[in-house]
Amino acid sequence: MSYLSMAEKKPHANCIPYPAQGHITPMLKLAKLLHFRGFHITFVNTEFNHKRLLKSQGPNSLNGFPSFRFETIPDGLPESDVDATQDTPSLCDSVRKTCLTPFKNLLHKLNNATNIPPVTCIVSDGVMFIRPDLVVGENAVLPMEFVTETKKRGLLSNWCPQEEVLAHPAIGGFLTHSGWNSTIESLCNGVPVICWPFFSEQPTNYRFCCVEWGIGLQIGGDDVKRNRVESLVRELMEGQQGKVLTKKALEWKKLAEDVAIHKDGSSFMNFDNMVRQVLLSENLKSS
């Protein structure tokens with residue numbers, strides 16, 4: 001059977017994360033899981049992040065497969081240094097104002113392509129301002145809120161598999177801004193943390209880590225001085241409190257494995273139920 005014949009039977013998920021590393025990485029993991037479950041995937045990056053990834057990982061790193069492709073849309077911001085992090089407030093405003101039309105044009109292109117199945121669902125960050133009725137109409141969209149390497153061959157590498165780093169047995173602690181991805185990855189790998197939250201959900205995550213779960217120490221504001229950072233790192237790595245935090249972090253790791261990640265765990269079952277609902281919806285529409 002030709003790829004086109006097989007593709008016509010595949011559900012097609014268009015995955016579009018908010019254009020920041022902390023959103024792109026988990027969305028890519030979700031896209032891989034959907035692909036494993038039989039979905040055709042179109043993963044949408046902004047042009048800026050697409051170039052950044054290519055520079056970091058190599059010119060052929062995003063070539064993909066016939067059933068897993070990468071596309072780009074502009075973010076509306078002026079050209080900037082590809083190694084620099086974009087200004088968050090400016091990016092949020094620009095995404096809200098400029099990304100919808102290019103995204104709709106991309107959907108139109110995909111749905112009129114002859115060698116891939118039509119888009120059947122959209123997996124989008126809640127902050128991407130993609131309203132279903134503004135994109136492709138009712139019943140066509142499933143909206144979902146869902147240590148860099150230093151230098152290599154003279155180029156700064158902006159993207160690093162943080163989860164793999166945290167899983168390494170040499171890692172005894174993690175100084176983190178307390179984003180949700182970093183928090184989850186720390187818990188799942190049994191790594192205690194020093195929390196330095198800034199904005200958004202980070203102060204909430206810090207409170208859970210340091211107050212509710214007992215796996216972290218806090219730093220922030222005027223407290224971020226060389227001597228204070230050194231003191232907290234030494235305490236986490238060598239001190240009695242650090243031993244307590246590490247023991248608690250390992251307990252949370254086991255809980256994550258037993259309750260969430262296991263085949264019958266909550267994360268596994270939630271993902272499985274989501275896939276079933278999408279496939280059921282597609283079957284009902286085609287019947």
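# A walk from strand 2 outwards

Start by selecting threonine 46: with a relative accessible area of 6%, it is buried, as anything under 20% counts as buried. What you have on screen is a predicted model. Threonine 46 belongs to strand 2, which covers residues 40-46. Show what surrounds this residue and, leaving out residues up to four places away in sequence, you'll find that it touches Pro19, Thr72, Ile73 and Asp75.

Now bring up the whole sheet. It is an open one made of four strands, in the order 3-2-1-4, with parallel pairing. Look at the edges: strand 3 and strand 4 each have a single partner strand there, so one side of each has no neighbour in the sheet. From one strand to the next, the twist averages 25°.

Zoom in on strand 2 and strand 3, which pair in the parallel sense over six bridges. For one pair to click on, take valine 44, whose bridge partner in strand 3 is glutamate 71. While you're here, select helix 3 (residues 47-57), which packs on the sheet and touches strand 2 and strand 3. The direction of helix 3 makes about 100° with that of strand 2. Next, pick helix 5 (residues 100-111): it lies across strand 1, strand 2, strand 3 and strand 4, and runs at about 145° to strand 3.

Time to look inside. Which residues of the largest nonpolar core touch the most other members? Select Cys15, Leu34, Phe39, Ile41 and Phe43, out of 20 residues in that core. Strand 1 (12-16), helix 2 (21-36), strand 2, strand 3, strand 4 (121-124) and helix 12 (266-286) each give two or more residues to this core. Helix 2 gives the most, with five. Another core, of 15 residues, lies apart from this one, and its members include Tyr18, Leu106, Val119 and Ile122.

Stay with phenylalanine 43 for a moment. Beyond its neighbours within four places in sequence, its contacts include Cys15, Ile24, Met27, Phe68 and Glu71.

Then jump to helix 11 (residues 240-261). At 1.5 Å a residue, its 22 residues should span 32 Å, and the end C-alpha atoms are 30 Å apart, which agrees. Colour Gly242, Leu245, Ala249, Ala256 and Ala260 in this helix: they are buried.

Last stop: serine 80, in the loop between strand 3 (68-73) and helix 4 (88-98). Is it buried, partly exposed or exposed? At 38% relative accessibility, serine 80 counts as partly exposed. Draw a distance from its C-alpha atom to that of phenylalanine 48: the two residues are 32 apart along the chain, and these atoms are separated by 8.4 Å.

Methods. Residues are numbered from 1 along each chain as its sequence is written. This is a predicted model: local features need pLDDT of at least 70, side-chain atom pairs count only at pLDDT 80 or more; totals for chains, interfaces and linings use all residues. Side-chain values use heavy atoms; hydrogens and water are left out. Buried means under 20% relative accessible area, exposed over 50%, partly exposed in between (1.4 Å probe, protein chains only). Contact means heavy atoms within 4.5 Å. A nonpolar core is a set of buried Ala, Val, Leu, Ile, Met, Phe, Trp, Tyr and Cys residues joined through side-chain atoms within 4.5 Å. The expected span of a helix is 1.5 Å times one less than its number of residues. Two strands pair if DSSP finds at least two bridges between them. Axes are lines fitted to C-alpha atoms, for helices over the stretch in contact, and angles run from 0 to 180 degrees between N-to-C directions.
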